[in-house]
Amino acid sequence: TDMSVREILHVGHPLLRERSVEVPPGDIRTSAVQSLIDDLIDTMRAANGAGIASPQIGEMFRITTIEVNDNPRYPYKPRIPLTVVINPVVEFLDDELVEVNEGCLSVPNMRGNVMRHVNIRVRFLDRDGNEHDEVKRGLTAGTFQHEIDHLDGFLFLDRVHDTRSLTTWEQFERHHRAAFVERITEFVARVENSPEATEVHSGVPADLLRRAARRYASAPNAAIYYGLGVTE
Ligand code: ZN
């Protein structure tokens, strides 16, 4: 099979700041849309990303692909099977937020802490046009929020609540990774490995949560997200 790895646009490119358009459901099975989906998967895998959104390769459609395989570098990040997400609609199920460390394929060598919703409902179509209505939690919910943010022209940089958390990859590994992994591993165990658990907390001060909530309120349609040692 032939691979088609596309160029990934970087922050500063105007298309990353535009809202993408919905794919008419009747068009999903066309060769144009199917090959765009194949390109997204190939490009995501080639870049070792956990996800990629269509505008990141300059195609302004509401399509994103997500996949997290076992990765010994990020043992705390739950797996996500290859998922093709078309025309997603996100609903936050409650006010629970978690602070996560994110990176992005469109923001080379930069990471930062953002607030993400812990429990979301996402409705979308897959590449066969089948409807999905699913609940995502924890880091997986974060990944969906990050990718869907791209479809509305948002980058994780817009969600960084404290710019002092910004780091290069090297500095993250050297100075921040250990503490982050310790905190997030406990979070994952609580939230994702035992979804029935009701006691979820982010360990984040209340004023920070309120500020983060206001940011979400200013982007009503929005989704949003994070990444953990992996980059979306
Ligand atoms: Zn991204």
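## Aromatic contacts and nonpolar cores

In this predicted model, Arg-159 is placed over the face of Phe-154, at 4.3 Å from the ring centre. A second arginine, Arg-111, lies over the face of Phe-172, at 5.2 Å from the ring centre. The table lists both arrangements.

| Arginine | Ring | Distance from the ring centre |
|---|---|---|
| Arg-159 | Phe-154 | 4.3 Å |
| Arg-111 | Phe-172 | 5.2 Å |

Phe-172 also takes part in ring pairing. The structure has two aromatic pairs. The ring centres of Trp-169 and Phe-172 are 6.3 Å apart and their planes stand at 85°; because planes over 60 degrees apart count as edge-to-face, this pair is edge-to-face. Both residues belong to helix 3, three residues apart, about one turn of the helix. Together with Phe-180, Trp-169 and Phe-172 form one aromatic cluster. Phe-172 has a relative accessible area of 1% and is therefore buried.

Thr-167 is found in the loop between helix 2 (138-151) and helix 3 (169-191). With a relative accessible area of 8%, Thr-167 is buried. Leaving aside residues up to four places away in sequence, Thr-167 touches Asn-109, Met-110, Arg-111, Phe-172 and His-176. Two of these names, Arg-111 and Phe-172, are those of the arginine and ring described above.

The largest nonpolar core comprises 18 residues, and those with the most contacts inside it are Val-98, Val-100, Leu-139, Phe-156, Ile-184 and Phe-187. Strand 4 (97-104), strand 5 (107-117) and helix 3 each give two or more residues to this core. Helix 3 gives the most, with eight residues. A second, separate core has 16 residues, including Ile-28, Met-44, Ile-52 and Ile-86.

Definitions and conventions:
Residues are numbered from 1 along each chain as its sequence is written. This is a predicted model: local features need pLDDT of at least 70, side-chain atom pairs count only at pLDDT 80 or more; totals for chains, interfaces and linings use all residues. Side-chain values use heavy atoms; hydrogens and water are left out. Helices (H or I, at least four residues) and strands (E, at least two) are DSSP runs, numbered from the N terminus. Buried means under 20% relative accessible area, exposed over 50%, partly exposed in between (1.4 Å probe, protein chains only). Contact means heavy atoms within 4.5 Å. A nonpolar core is a set of buried Ala, Val, Leu, Ile, Met, Phe, Trp, Tyr and Cys residues joined through side-chain atoms within 4.5 Å. Rings of Phe, Tyr and Trp (its six-membered ring) pair if their centres lie within 6.5 Å; planes under 30 degrees apart count as stacked, over 60 as edge-to-face and the rest as tilted. A charge sits over a ring if NZ of Lys or CZ of Arg is within 6 Å of the ring centre and within 35 degrees of the ring normal.
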